[in-house]
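User: I am new to this structure and would like to understand the terms used to describe it. Please show me how each term follows from its definition.

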Amino acid sequence: MAERYDTIIIGAGFAGLSAGIRLAQFQKRVLILESHKLPGGLNSYYYRGKGQLYNSGLHTVTNFNAKNRRWGFGLICRNLGIDSGEFRLVPPKHPSALQIPQGELLFGNDPELLRASIAREFSSQVDGFDRFCADLKSPRDPAVLQRAGSRELLGEYFTEPRLMDLLELPVYIYGGYREGQIDAATFSTVFRSIFLEGCGSPPDIKHVLDLLIARFKDLGGELKTRRRVAQIVTDGGRFRGVELADGTVLEADACLSSAGLAETGQLAGQVWGDSGDLSVFETVVAMDRPLDELGVDRTLLMVSLEPEFHWRAPEGRQEYFHLTLAASDNYAFSERPTAHHLKIGCFQKGSLWLGLDEETYRQEKLRLEEKMLAELTARFPGLLDEPVTHHESLTPKTVVDYTSHLNGGIYGGCVKSFDGGTPVGGLFVIGNDQAGIGIMGALTSGVIVANYKVVLAGN
Ligand SMILES: Cc1cc2nc3c(=O)[nH]c(=O)nc-3n(C[C@H](O)[C@H](O)[C@H](O)COP(=O)(O)OP(=O)(O)OC[C@H]3O[C@@H](n4cnc5c(N)ncnc54)[C@H](O)[C@@H]3O)c2cc1C
């Protein structure tokens, strides 16, 4: 007889862990299955050198100042029964910046910094910015916003295309889940999360993952790593169980999957969603000295090198040079964080990396790594004075290998299931493909789908 659970969750990333904690508060048997040895999925960690810890994704955690119990960080802490202080998030030490070839804006955890920057560079647009921010705090009907694009929304508040480019840049860098435009609802959420609620960082991402796992296990939840779900078993259009790669069959009343909509469809033998082709290349550089001593005076820096901001690769190119730089130790830590490291990345057509032979893959990696390092040192020449103690790069293939997301997708596919529903009864998606993008988005998604689709719906 197959072992039976109340709910099975696929994936121990942020969505899977938050859903697990929420359900373990109401149900007796909740199981999280994770393919990999370590939890975290797209935002995990690894060790290099003499046991030095590196975050594999973390640039920043959004919604830092969100105290509202019905939204963002406040909602997550209340639902998970974890005190916000336990996350040990600290604010940035330095401002962040947005750059396009024609200009720059500064921002930080006080929205006034961005407002003052807009007033200086685009004085006629400040009223629009004030109206936009006020409206974001009391959002319009999400169903209406989901049908509109981000440019259409910004066009209601702003008349200056260069400013719209600058405001879109970070939101797409941290949540542009498909080429072209994203929907206005996701745009509004990510904008509010970054600019109105600010950013912070834990000492390392392992700390947050350990905190979530400890809470899940305290509530009686079971986490099994190195257990890949090979198939989702359905019966008369309803979820029945999963078959693992080793042939074990497990049954449950419901299943929440953070594998992705298209990926979950594949597991169920069906075709759902559209995985898209958007992935990332990122180079990590570590040094022995604090980065701000070497002249790195920004915490986050988003740069578009393209003459106009479009969220797609120009014809004939595999990458788009919207750069994202994150100085991981430029937060107000009281202790020394993981390593003094910087990350610089650009966006890629993921599929083009997957069929490469070993030598071409190596050369492509080297080519882009050199480009990233040149862009980095052009902006912060002080880095040239300090030896690099470690560097390596993540490609779309790395993302596929460690998360199983098709084409190395980092914000999910092009199609979202906003209510988490799938064509199979009792089977729901959580995380990126329920539009819960980023760490806070994924945590929120796990809580909301668990609450509405399992606990309240009695699934
Ligand atoms: C390089 C990079 C940097 C990022 N930086 C930031 C940042 O600074 N701030 C931020 O907020 N967000 C950031 N993000 C985005 C953020 O990491 C994701 O949006 C978020 O982690 C998604 O969480 P998730 O739980 O939805 O999915 P995932 O993290 O993808 O979790 C899904 C899990 O399911 C597992 N899985 C898949 N298929 C199976 C299967 N068949 N059986 C068992 N397990 C399976 C995977 O191994 C994975 O662990 C970054 C992403 C990347 C790639």
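Analyst: The turns below take up the model, its ligand, a helix, several salt bridges and a surface patch.

User: What kind of model is this?

Analyst: This is a predicted model, in which local features need pLDDT of at least 70 and side-chain atom pairs count only at pLDDT 80 or more, while totals for chains, interfaces and linings use all residues. Residues are numbered from 1 along each chain as its sequence is written, and side-chain values use heavy atoms, with hydrogens and water left out.

User: Which residues come nearest to the ligand, and what makes a residue near?

Analyst: A residue is near if one of its heavy atoms lies within 4 Å of the molecule. The ligand has 35 residues around it, of which E34, N43, H59, T60 and H405 come nearest. By class, this shell has 15 nonpolar, 16 polar and four charged residues; Ala, Val, Leu, Ile, Met, Phe, Trp, Tyr, Cys and Pro count as nonpolar, Asp, Glu, Lys and Arg as charged, and the others, Gly among them, as polar. Helix α14 gives the largest share of the shell, three residues.

User: Why is the pair formed by N432 and the ligand called a polar contact?

Analyst: A polar contact is a pair of N or O atoms within 3.5 Å; within protein, one must be able to donate a hydrogen and the other to accept it, and residues adjacent in sequence count only if both atoms are side-chain atoms. An N or O atom in the side chain of N432 is 2.9 Å from an oxygen atom of the ligand, so the pair meets the limit of 3.5 Å. The protein covers 97% of the 1,000 Å² of accessible area that the ligand has on its own, by the Shrake-Rupley method with a 1.4 Å probe (for residues, only the protein chains shown count as cover).

User: How do you know that helix α8 is largely enclosed?

Analyst: Helices (H or I, at least four residues) and strands (E, at least two) are DSSP runs, numbered from the N terminus. Buried means under 20% relative accessible area, exposed over 50% and partly exposed in between (1.4 Å probe, protein chains only). In α8 (residues 184-196), twelve of the 13 residues are buried, so the helix is largely enclosed by the rest of the structure. Its N-terminal end is capped by D183, with a side-chain oxygen 3.1 Å from the backbone nitrogen of A185.

User: Why is the pair of K397 and D401 called a salt bridge?

Analyst: A salt bridge is a side-chain nitrogen of Lys or Arg within 4 Å of a carboxyl oxygen of Asp or Glu. The closest N and O atoms of K397 and D401 are 3.1 Å apart, so the pair qualifies. Both residues lie in helix α13, four residues apart, about one turn of the helix.

User: Is K416, the partner of D433 in a salt bridge, buried or exposed?

Analyst: K416 counts as buried at 10% relative accessibility, and D433 is buried at 3%.

User: What makes I448 part of a nonpolar surface patch?

Analyst: Patches are made of residues with over 30% relative accessible area and no salt bridge, with like charges joined within 9 Å and nonpolar side chains (Val, Leu, Ile, Met, Phe, Trp, Tyr) within 5 Å. I448 has 31% relative accessibility, so its value passes the 30% limit. With Y452 and L456, I448 makes a patch of about 330 Å².
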